[in-house]
Amino acid sequence: VARTMTRPEFDQLAPRNVINLPDPANPASANVRGTGSAGNTQLKPQTSWNYDLTAEYYGPKGSAYILSFFYKDVSNFIYFDTAFGQTLPGQGNQLFNLTQVTNVSKGRAYGFEAGITQPFSFLPSPFDGFGVQANYTYVNSRVNASLNGQAVTFPGASKHNVNATIFFEKGPFGVRTSYSYRSNYL
């Protein structure tokens with residue numbers, strides 16, 4: 001069990017506004033919205049309670065088997081929010097799509113990971129240098145607030161993650177080939 005805290009990035013806290021105006025000399029941009037971004041000096045640190053339970057078995061000749069379960073309860077989740085069609089002081093009727101980082105309630109993530117390292121030392125020579133390493137992680141995450149009407153997950157969190165390596169190591173010679181896969185993510 002652990003309690004963690006992540007402070008906002010300095011640029012997220014900066015008291016600044018940046019806007020991009022469409023080119024008024026270009027007739028094609030007459031109905032184009034400007035864009036903008038703003039810092040948020042009121043951001044709170046993101047905190048979480050983390051619960052992990054792991055079982056590991058280390059067998060003979062370098063083999064290992066791991067099964068891990070986790071649950072993370074996040075408060076003051078930091079997320080980018082965009083407001084569409086906004087007006088700004090001093091910009092007349094020009095509409096802007098404005099992006100600002102904000103704290104958006106709570107979030108949670110849970111899942112499990114299974115991993116194996118298995119040298120094939122039981123095979124006859126010269127094949128006894130082969131082996132595999134692999135793991136699979138399942139992550140289900142959700143932020144308890146919708147942004148622009150959409151339910152969202154933790155940024156960068158894929159539901160399915162797979163890593164696999166086939167290796168050969170014998171004497172001074174070693175070679176590995178690896179494969180990684182992750183499902184869709186935000």
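In this predicted model, Ser-37 stands opposite Thr-99 in strand E7. That pairing belongs to a parallel match between E3 and strand E7 (residues 96-103), which is held over 5 bridges. Ser-37 of E3 also faces a residue in another strand, since Val-18 stands opposite Ser-37. Here the partners are strand E2 (residues 17-20) and strand E3 (residues 34-38), which pair in the antiparallel sense over 4 bridges. Strand E3 can thus be followed in both directions, antiparallel to E2 and parallel to E7. As a reminder for anyone tracing these pairs on screen, strands of a sheet pair through backbone hydrogen bonds, either parallel or antiparallel.

A further set of strands makes up an open sheet of 7 members, in the order E1-E4-E5-E8-E9-E12-E13, with antiparallel pairing. Strand E1 (2-6) and strand E13 (173-182) each have a single partner strand and stand at the edges, so one side of each is left without a neighbour in the sheet. From one strand to the next, the twist averages 15 degrees. Within this sheet, strand E5 (residues 64-75) and strand E8 (residues 106-119) run antiparallel and are joined by 12 bridges. A handy landmark in this pair is Tyr-65, which stands opposite Ile-116 in E8.

Turning to the chain as a whole, 1 helix and 13 strands are found. Along the sequence, the pattern reads β-α-β-β-β-β-β-β-β-β-β-β-β-β. With a radius of gyration of 25 Å, well over the 16 Å that the globule rule gives for 186 residues, the protein chain is more spread out than a compact globule. The C-alpha trace spans about 80 × 40 × 30 Å along its principal axes. Among the 186 residues, 26% count as buried. The accessible surface comes to about 12100 Å², and carbon and sulfur atoms contribute 57% of that area. Of the contacts with a separation of 6 or more, 62% are between residues 24 or more positions apart.

Finally, a word on confidence. The protein chain averages a pLDDT of 89, and 98% of the residues score at least 70. Confidence is highest in strand E4 (residues 46-58), at a mean of 97, and lowest in strand E10 (residues 146-147), at 66. Strand E4 is also a member of the open sheet, listed between E1 and E5. Where pLDDT is low, the predicted coordinates should not be read in detail.

Technical notes. Residues numbered from 1 in each chain as written. Predicted model: local features only at pLDDT ≥ 70, side-chain atom pairs only at ≥ 80, totals over all residues. Heavy atoms only, no water. Pairing = 2+ DSSP bridges. Helix = DSSP H or I, 4+ residues; strand = E, 2+ residues; numbered from the N terminus. Axes fitted to C-alpha atoms, helices over the stretch in contact; angles between N-to-C directions. pLDDT = per-residue confidence, 0-100. Rg over C-alpha atoms; globule rule 2.2 N^0.38 Å. Buried < 20%, exposed > 50% of the residue type's maximum accessible area, 1.4 Å probe, protein only. Contact = heavy atoms within 4.5 Å. Areas by Shrake-Rupley, 256 points an atom, 1.4 Å probe, with all protein chains shown as cover.
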